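Reader: Hi, I'm new to this one. Can you walk me through it?
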Amino acid sequence: MARSTPHDHSPADVRPLYRRVADQLLDELRDDAVPPGERLPGERLLAGHFGVSRETVRQALEVLRRDGLLTTDRRGSHTTLPGPPAGSPAPLVFPVGARAAEPRTGDRATVAWEAPPPEHAAALGLVPGRPTLMHRYTSATAGGSGRRTAVTSFSAVALTEVEELARYRDRADGVASAQLRRTYDWMRRAGLTLYHRDTITHLTDTASVRVVRRVHDQYERPLEITDLLVDTRQDALVYEFTLPAAG
């Protein structure tokens, strides 16, 4: 878990500090920072992560225990957030092109609340210049090779329908780490059926490949658009898919 700081949700946020820490920790757990059933870092590490005292961390953990989101045994606290249902389809990777579930040293992801590029605004049906939630992802191997970057813009529909995404508006400072790996799971839990179209283009002036993913729901409403660039001199883009068993 990268170092974080409890965020205010309004200019006059009067919630106790432990409550703010509890809410932010819950957000990070929902981002799969700690998978369901795994043990959380110790109180000392969590205190350093949030920049608060260990007593504040204890109070925050107690809030989550009372809500049934954590359990504690002699080995420490464990998350109890539900994972994907058994037998559910293999999830799409968010953002397109993101590496394996365990982030690498060169991985970075942030969110910002700003106007998207004009082509994103047009694809999402947004008025030009209107801000929305934007996610930026960069990744490179330890030696700096295999660089890939992805920029995602979300539609007003996605932010209205998907509670987990809407919560990020108040945290979208463009600086703090924000892994949204479970975005497509959140969308499905909100009752949305996802349809995606990936367009792959080789950029003739460089050794890069551009992938544009557009995702819409069962009502043809756009949900998000992602622009991915991969340096093919150093890296390969791998697509995986699963077909359900017959009958």
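Author: Sure. This is a predicted model. Start at one residue pair: His196 stands opposite Val215 in E8.

Reader: Which strands pair there, and in what sense?

Author: Strand E7, residues 195-202, pairs with strand E8, residues 208-216. The sense is antiparallel, over eight bridges.

Reader: How many residues does the hairpin from E7 to E8 run through?

Author: Five residues.

Reader: What about E8 and strand E9?

Author: They run antiparallel, joined by nine bridges. E9 covers residues 222-231. One facing pair is Arg210 and Leu229, with Leu229 in E9.

Reader: And what lies between E8 and E9?

Author: Five residues, and the two strands form a hairpin. Glu220 sits in that turn, with a positive phi of about 65°.

Reader: Let's zoom out. What is the strand order in the open sheet?

Author: The sheet has seven strands, in the order E6-E3-E4-E5-E9-E8-E7. The pairing is antiparallel.

Reader: Which strands are at the edges?

Author: Strand E6, residues 173-177, and E7. Each pairs on one side only.

Reader: How far are neighbouring strands turned against each other?

Author: By 15° on average, with direction ignored.

Reader: New topic. How many bridges join strand E3 to strand E4?

Author: Seven, and the two strands run antiparallel. E3 spans residues 108-114, and E4 spans residues 132-139.

Reader: What is the bridge partner of Trp113 in E4?

Author: Leu133.

Note on methods. Residues are numbered from 1 along each chain as its sequence is written. This is a predicted model: local features need pLDDT of at least 70, side-chain atom pairs count only at pLDDT 80 or more; totals for chains, interfaces and linings use all residues. Side-chain values use heavy atoms; hydrogens and water are left out. Two strands pair if DSSP finds at least two bridges between them. Helices (H or I, at least four residues) and strands (E, at least two) are DSSP runs, numbered from the N terminus. Axes are lines fitted to C-alpha atoms, for helices over the stretch in contact, and angles run from 0 to 180 degrees between N-to-C directions.
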